[in-house]
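Visitor: Could you take me through one part of this structure slowly, starting from the inside and working outwards? I'd like to know which residues make up the largest nonpolar core.

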Amino acid sequence: MYILPFVQIRPSDQASVGRKALSLAELQQAKFRVPEGYVVTSDAFTAFLAANQLVSAIEAELDKLNILDLHSV
């Protein structure tokens, strides 16, 4: 799934929704006043990169970086 409403987010989803979204979902599910919301998962980003054949281009650019030269980063 690429989009999850807060009401459907479970602790096992943390890797794909992030800690902040998980915290908001937990608060909402515990009946705290949290606006309705949703999360676009990291799976959506991964699928976007793959569908647009961007993974190899990004890797190629990252390979050029010298992490010891902060100005170049």
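Guide: Here is a walk from the core out to the surface.

A quick word on the ground rules: this is a predicted model, where local features need pLDDT of at least 70, side-chain atom pairs count only at pLDDT 80 or more, and totals for chains, interfaces and linings use all residues. Residues are numbered from 1 along each chain as its sequence is written, and side-chain values use heavy atoms, with hydrogens and water left out.

Now, your core. Its 9 residues are Leu-4, Phe-6, Ile-9, Val-17, Ala-21, Leu-22, Ala-25, Val-34 and Val-39. To count as a nonpolar core, a set has to consist of buried Ala, Val, Leu, Ile, Met, Phe, Trp, Tyr and Cys residues joined through side-chain atoms within 4.5 Å. Buried here means under 20% relative accessible area, exposed means over 50%, and partly exposed is in between (1.4 Å probe, protein chains only). Helix α2, residues 19–29, gives the largest share of this core, with 3 residues. Helices (H or I, at least four residues) and strands (E, at least two) are DSSP runs, numbered from the N terminus.

Have a look at Ala-21 in that core. Setting aside neighbours within four places in sequence, Ala-21 is in contact with Phe-6, Ile-9 and Val-39. Contact means heavy atoms within 4.5 Å.

How does the core fit into the whole chain? The protein has 4 helices and 2 strands, and they follow the pattern β-α-α-β-α-α along the sequence. Of its 73 residues, 22% count as buried. Take the contacts between residues at least 6 apart in sequence: 42% of them join residues at least 24 apart. The radius of gyration is 17 Å, whereas a compact globule of 73 residues would come in near 11 Å; that radius is taken over C-alpha atoms, and the globule rule is 2.2 Å times the number of residues to the power 0.38. The C-alpha trace spans about 50 × 30 × 20 Å along its principal axes.

Not every buried residue is a greasy one. Ser-16, in helix α1 (residues 14–17), counts as buried because its relative accessible area is 18%. Leaving out neighbours within four places, Ser-16 is in contact with Thr-41, Ser-42 and Asp-43.

Next, the charged pairs. The structure holds 2 salt bridges, each being a side-chain nitrogen of Lys or Arg within 4 Å of a carboxyl oxygen of Asp or Glu. In one of them, the side chains of Glu-26 and Arg-19 meet at 3.5 Å, N to O. Glu-26 is partly exposed at 33% relative accessible area, and Arg-19 is partly exposed at 44%. In the other, Lys-64 and Glu-61 meet at 3.0 Å, N to O. Both Lys-64 and Glu-61 lie in helix α4 (residues 55–64), 3 residues apart, about one turn of the helix. Lys-64 counts as exposed because its relative accessibility is 60%, while Glu-61, at 46%, counts as partly exposed.

Out at the surface, Tyr-2, Ile-3, Tyr-38 and Val-40 form a nonpolar patch with about 460 Å² of accessible area together. Patches are made of residues with over 30% relative accessible area and no salt bridge, with like charges joined within 9 Å and nonpolar side chains (Val, Leu, Ile, Met, Phe, Trp, Tyr) within 5 Å. Val-40 sits in strand β2 and is exposed at 52%. Tyr-2 also gives you a handy ruler: its C-alpha is 9.0 Å from that of Ala-47, 45 residues apart along the chain. Ala-47 belongs to helix α3 and is partly exposed at 24%. Overall the protein exposes about 5800 Å², with carbon and sulfur atoms supplying 61% of it; these areas come from the Shrake-Rupley method with a 1.4 Å probe, and for residues only the protein chains shown count as cover.

Last stop, the backbone. Most residues other than glycine have a negative phi. Lys-31, though, has a positive phi near 75 degrees; Lys-31 lies in the loop between α2 and β2 (38–40) and is exposed at 72%. Gln-53 also has a positive phi, about 50 degrees. Gln-53 is in the loop between α3 (42–51) and α4, and counts as exposed because its relative accessibility is 67%.
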